[in-house]
Each structure stands twice: as C-alpha cells, then as structure tokens.
Amino acid sequence: PIPKAAAMHDWWLALVACLFGQVVAVDQATILYRQHGDNSVGASRWGWRRILGLARAPHAVRAGLVLGMHQAEALMDSFHERMLPEQAATVAAYAALPFLGPCHRIKTLMNFRFRKHGFVRTAGFVLNVLMLKKRRMPPLATVALNKDR
C-alpha cells in the first residue's frame, strides 16, 4: 500500500524498488505520457529561467523538500524491519533533517552524501536544506502513539 505521506506514487514505488530490487533505465516508451495544465509536477528543462523561478519561490521549494522528508519517515515506518542497517540509517538521517540545527544538517548532508544531479542543483538543495525552519522533535510518547494509528 502507498501511504498518504508518499509525496508522489511513482516516487514512492521507485524508493521501494531501490530498497528491495533495482531500478534500471529502459530506452523505449512503455506508456503514453502527456503534459497538461493541471499536472502537479511536470517535465521542464533546467536552465537559468527555471533556477530564477525557483529562487523566487523558496517556500515552495522548501515545502517540497519537507514532503520528501515526510516520505522518508513513512518509508521507515513501513519497511524499517526489512531494511539493511545502512539503508535504515540513510533514510532515518534524511527524515531527521528538519529536526536538526544547521551544523548537524551540514554534518548529515556530508556524512550521507545527500546530493542532487549536478553542481547547481546540489548547491540549491544544500542551501534550501540549511534554510528549513527547524521543527521541534516530537516527544517519544507522541511518536509511539502516532505509529499505532
């Protein structure tokens, strides 16, 4: 089952495939894909226009990052018993980023080598992770109660 915290169903399925199988590129179209005005996310080219557009909407960029971190938390909730220790540590570290201070965020980003494709995207990712508003870690009792729901 795909949890509500999954930001996008295809992203969720790719994460599960990475955990328990493999992801490979297929050089042929296997489905029809169309873009329309109501797409949540769409294929768009990376260039200066896109970078400037993202720079003008930092809250939207950071909200997207937080969605990914919530998705990592859901991945831990769903599969932590079946993950290898290294996988669990990586997913837990990514999910914990909003709860860390800036110095610990930098250390986590470096230790786990969290990156995006290309220097500019990685620089933007790191900057936006550092600019996330720090969230309070929920008390352990609250976490335990939420897991039972």
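**Close-up views of a predicted all-helix model**

**View 1. Gln87 in its helix.** Gln87 lies in helix α4, a stretch that covers residues 85-96. Everything in these views comes from a predicted model. Is Gln87 buried or exposed? Its relative accessibility is 19%, and a residue counts as buried when that value is under 20%, so Gln87 is buried. Which residues does Gln87 touch, once its neighbours within four places in sequence are left aside? The answer is Cys18 and Leu19.

**View 2. The whole chain, for orientation.** Let us step back for a moment before the next close-up. The protein chain holds 7 helices and 0 strands, and from the N terminus on its elements read α-α-α-α-α-α-α. The chain has 149 residues, and 23% of them are buried. Now think about contacts in the chain between residues with a separation of 6 or more: 59% of these join residues 24 or more positions apart. The accessible surface of the chain comes to about 11500 Å², and carbon and sulfur atoms account for 61% of that area.

**View 3. The largest nonpolar core.** This core has 24 residues, and the members that touch the most other members are Leu75, Met83 and Tyr94. Which helices each supply at least two residues of this core? They are α1 (9-20), α3, α4 (85-96) and α6 (119-131). Helix α3 gives the most, with 8 residues. Take Tyr94 as your guide through the contacts here. Not counting residues up to four places away in sequence, Tyr94 touches Leu65, Gly68, Met69, Ala72, Phe114 and Phe125.

**View 4. The largest cavity.** How many cavities of 30 Å³ or more are counted in this model? There is 1, and the largest cavity holds about 40 Å³ of space. Look around its walls and you will find Met69, His70, Glu73, Ala95, Pro98, Phe99 and Arg135. By residue type, this lining divides into 4 nonpolar, 1 polar and 2 charged. Which helix gives the most to the lining? Helix α3, residues 58-79, does so with 3 residues. Met69 is worth a second look, since this lining residue is also among the residues that Tyr94 touches.

**View 5. Ala6 and Gln71, two buried partners.** Ala6 has its place in the segment before α1, while Gln71 lies in helix α3. Are these two residues buried or exposed? Ala6 has a relative accessible area of 14%, which makes it buried. Gln71 has a relative accessibility of 0% and counts as buried too. Leaving out residues up to four places away in sequence, Ala6 touches Trp12 and Gln71. Counted in the same way, Gln71 touches Ala5, Ala6, Ala7, Met8, Trp11, Trp12 and Leu15. Trp12 therefore appears in both contact lists, that of Ala6 and that of Gln71, a residue buried at 0%. Ala6 also has a pairing across the sequence: Ala6 and Met69 are 63 residues apart along the chain, yet their C-alpha atoms are 9.8 Å apart in space.

**View 6. Arg113 in a loop.** Where is Arg113 found? Arg113 sits in the loop between α5 (102-112) and α6. Its relative accessible area is 62%, and the cut-off for exposed is over 50%, so Arg113 is exposed. The backbone has something to show you here as well. The phi angle of Arg113 is near 55°, a positive value in a residue other than glycine.

**View 7. Gly124 and Ile106, two partly exposed residues.** Gly124 is found in helix α6, and Ile106 has its place in helix α5. Gly124 has a relative accessible area of 25%, so Gly124 is partly exposed. Ile106 is partly exposed as well, with a relative accessible area of 37%. How far apart in space are Gly124 and Val61, C-alpha to C-alpha? The distance is 9.5 Å, for a pair that is 63 residues apart in sequence. Ile106 and Leu130 are 24 residues apart in sequence, and their C-alpha atoms are 7.5 Å apart in space.

Methods
Residues are numbered from 1 along each chain as its sequence is written. This is a predicted model: local features need pLDDT of at least 70, side-chain atom pairs count only at pLDDT 80 or more; totals for chains, interfaces and linings use all residues. Side-chain values use heavy atoms; hydrogens and water are left out. On a 1 Å grid over the protein atoms alone, a cavity is a set of points where a 1.4 Å probe fits but cannot get out, and a pocket is an open set with protein on both sides within 12 Å along at least five of seven lines; lining residues have an atom within 4 Å of a point. Grid points are joined across faces, edges and corners, and a volume is the space filled by probe spheres set on the points. Helices (H or I, at least four residues) and strands (E, at least two) are DSSP runs, numbered from the N terminus. Ala, Val, Leu, Ile, Met, Phe, Trp, Tyr, Cys and Pro count as nonpolar, Asp, Glu, Lys and Arg as charged, and the others, Gly among them, as polar. A nonpolar core is a set of buried Ala, Val, Leu, Ile, Met, Phe, Trp, Tyr and Cys residues joined through side-chain atoms within 4.5 Å. Buried means under 20% relative accessible area, exposed over 50%, partly exposed in between (1.4 Å probe, protein chains only). Contact means heavy atoms within 4.5 Å. Accessible areas come from the Shrake-Rupley method with a 1.4 Å probe; for residues, only the protein chains shown count as cover.
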